[in-house]
Amino acid sequence: MAKQEDDFKKVISHAKEYGYVFQSSEIYDGLSAVYDYAQNGAELKKNIREYWWRAMVQLNENIVGIDAAILMHPTTWKASGHVDAFTDPLIDNKDSKKRYRADVLVEEYAAKIETKIEKEVSKAAKRFGGAFDKKQFLATNQRVVDYQEKAASILKRLGRSLENEDLADVKKLIEELDIACPMSGSKNWTDVKQFNLMFGTKLGAAAESAIDLYLRPETAQGIFVNFLNVQKSGRMKIPFGIAQTGKAFRNEIVARQFIFRMREFEQMEMQFFIRPGTQNEWYEKWKENRMKWHFSLGMGEENYRFHDHDKLAHYADAATDIEFRFPFGFKELEGIHSRTDFDLGSHEKFSGKKLRYFDPELKDSYVPYVVETSIGLDRMFLAVFSNSLKEEELENGSTRTVLKLPAVLAPTKAAVFPLVKKDGLPELAHQIIDDLKWDFNVVYDEKDAVGRRYRRQDANGTPFCITVDHQTLEDQTVTIRHRDTMQQQRVAISGVKAIIAKEVDMKTWLMKMG
Ligand code: ATP
């Protein structure tokens with residue numbers, strides 16, 4: 001645990017030191033769970049968004065993208081169920097005065113049991129060596145079987161109690177499991193209460209006539225209310241999808257994990273409209289497709305897993321999370337939900353407008369079903385950033401800090417250095433930048449010895465460094481150094497662009513999705 005916390009602290013301080021993420025309004029001591037993206041962070045975030053957009057919109061003939069407003073008619077949130085049901089169960093510790101999500105306290109307890117299972121598995125794997133059969137071990141080792149049953153029964157009871165709105169039983173469960181406040185160790189808990197996560201605001205100048213609005217807590221509803229407009233104006237035929245990226249706001253109860261859980265964040269969502277009855281097939285297809293997208297970035301397939309929901313949201317008939325191994329353990333990165341006709345059906349009722357599709361093959365009209373994929377851009381940023389940050393021991397015994405971002409996402413693709421600040425080398429370096437800048441983000445750096453400059457760019461995540469020296473003046477060649485291998489090659493200036501393009505080209509990366 002201590003190492004995990006330490007690693008996570010390093011991620012946060014590196015993000016600040018290298019201009020990726022700052023706390024919002026830091027000069028006023030910050031605003032809790034709100035963050036600003038700095039010069040490098042804004043670029044990385046933009047590249048992740050672009051990588052998603054291309055995979056969803058550009059590569060799928062039947063998916064289009066929109067950009068709906070953050071403010072929406074207030075009835076939207078009645079229809080979507082958010083006014084009544086977008087709540088989290090909260091519990092306070094009376095001694096430490098700390099506030100928690102009651103469901104999260106229980107889930108973390110269950111996760112600890114799962115960690116114990118993982119430990120037993122790795123111990124056994126060591127003991128049995130090549131003959132180890134994990135499946136058999138999980139099914140037959142009594143201690144592990146007991147652990148699994150315990151975790152499953154806890155989560156089942158939590159799911160049932162939440163579904164039945166039985167908050168007293170959630171508190172009872174916390175007491176039975178003897179869960180203590182992680183900050184103080186106290187077990188002196190208040191009752192569990194529901195808390196609505198939407199931020200309210202007002203539209204209009206005069207206090208009496210102002211209308212109460214909400215900042216959208218998800219981008220999806222902007223897609224649902226535009227379903228028919230897009231379908232008609234784009235002459236879309238089912239199955240088809242509408243994608244969108246944009247800000248969402250949630251007044252989260254507990255927000256202590258940097259950009260993992262923010263009060264203002266960005267989502268990348270896609271709603272896929274289908275014939276009723278085909279939802280299982282599309283749900284499976286989108287699960288597979290989204291996992292391939294994640295794998296294409298090469299961040300280690302062992303760092304992802306699906307986690308199917310026991311407790312379904314009011315709108316869903318199936319739901320899973322793609323979980324990622326963050327510095328603090330496996331946690332939700334993306335949700336894939338089969339939302340039935342709940343949203344469109346409900347907007348029909350509340351608006352009195354038909355939101356149906358006439359299916360020319362069936363010669364019938366219906367309210368389409370929806371499978372959605374929903375990923376937090378900031379969470380994806382944290383996944384990429386934390387997974388890329390490495391401390392490496394070098395052959396000479398020294399260490400280097402390197403941010404091994406997938407090159408396609410790196411904010412800066414290359415840094416160009418003159419070996420010394422004279423003899424026309426800076427001018428030549430600038431000429432190279434002037435040529436490369438039309439295709440890539442490139443920077444110039446002449447400060448400190450070249451070794452120090454390499455380290456700086458490693459920590460910044462820049463995949464290439466190009467050094468101009470006296471030989472360049474004679475034969476028009478430069479040294480190009482690769483961030484991950486630290487290997488250096490002497491190449492003609494005219495060949496530099498192709499070397500960079502080969503590694504950062506979005507097409508090459510996206511084609512790994514197969
Ligand atoms: P959680 O259980 O972590 O609160 P959720 O299940 O409520 O998340 P969804 O409503 O399914 O999340 O939202 C889809 C995605 O939006 C999530 O997978 C996550 O990546 C992102 N997301 C949700 N809430 C936040 C937040 N407060 N800060 C950053 N990203 C978020």
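Me: In this predicted model, what makes α2 and α11 oblique to each other?
Reply: The axes of helix α2 (residues 39-58) and α11 cross at roughly 140°. Roughly antiparallel needs an angle over 145, and roughly perpendicular covers 65 to 115. The angle fits neither class, so α2 and α11 count as oblique.

Me: Where do α2 and α11 touch?
Reply: Their axes come within 12 Å. From α2, the contact uses I48, Y51, W52, A55 and M56. From α11, it uses W286, R290, W293 and S296. The crossing of α2 and α11 is right-handed.

Me: R290 appears in that contact. What makes its pairing with E334 a salt bridge?
Reply: The closest N and O atoms of R290 and E334 are 2.7 Å apart. The cut-off is 4 Å between a Lys or Arg side-chain nitrogen and an Asp or Glu carboxyl oxygen. The pair is within that limit, so the term applies.

Me: Why say that this pair ties together separate parts?
Reply: R290 lies in helix α11 (residues 279-296), whereas E334 lies in strand β13 (residues 329-340). These parts are 44 residues apart in sequence, so the pair ties them together. Both R290 and E334 are buried.

Me: Which residue does R339 of β13 meet in a salt bridge?
Reply: R339 meets E372, at 2.9 Å from N to O. E372 belongs to strand β16 (residues 369-376), and the two residues are 33 apart. E372 and R339 are both buried.

Me: Are K247 and E264 buried, exposed or partly exposed?
Reply: K247 has a relative accessible area of 28%. E264 has 29% relative accessibility. Buried means under 20% and exposed means over 50%. Both values lie between those limits, so K247 and E264 are partly exposed.

Me: How do you know that K247 and E264 form a salt bridge?
Reply: Their side chains meet at 2.6 Å, N to O. That is within the 4 Å cut-off, so the pair qualifies. K247 sits in strand β9 (residues 240-249) and E264 in strand β10 (residues 264-274), 17 residues apart.

Me: How many salt bridges does the rule give, and which residues form a network?
Reply: The count comes to 43. E392, R400, K404, R455, D458 and R481 are linked in a network of salt bridges.

Me: Why is α5 called roughly antiparallel to α7?
Reply: Helix α5 (residues 102-128) and helix α7 (residues 142-163) pack at about 165°. The class starts over 145, so α5 is roughly antiparallel to α7. Their axes are 9 Å apart, and the crossing is left-handed. The contact residues include V106, Y109, A110 and I113 of α5, with V144, Y147, A151 and I154 among those of α7.

Me: What makes strand β21 mostly covered?
Reply: In β21 (residues 464-468), 5 of its 5 residues are buried. F464, I466 and V468 are on one side, with C465 and T467 on the other. Both faces are covered.

Me: How do you know that β21 pairs with β19 and with β22?
Reply: A pairing needs at least two bridges. Strand β19 (residues 414-418) and β21 have 5, in the parallel sense. Strand β22 (residues 477-482) is joined to β21 by 4, running antiparallel. Both counts satisfy the rule, so both are pairings. V416 stands opposite I466, and F464 stands opposite H482 in β22.

Definitions and conventions. Residues numbered from 1 in each chain as written. Predicted model: local features only at pLDDT ≥ 70, side-chain atom pairs only at ≥ 80, totals over all residues. Heavy atoms only, no water. Buried < 20%, exposed > 50% of the residue type's maximum accessible area, 1.4 Å probe, protein only. Axes fitted to C-alpha atoms, helices over the stretch in contact; angles between N-to-C directions. Parallel < 35°, antiparallel > 145°, perpendicular 65-115°, else oblique. Left-handed = near helix turned anticlockwise from the far one by under 90°. Contact = heavy atoms within 4.5 Å.
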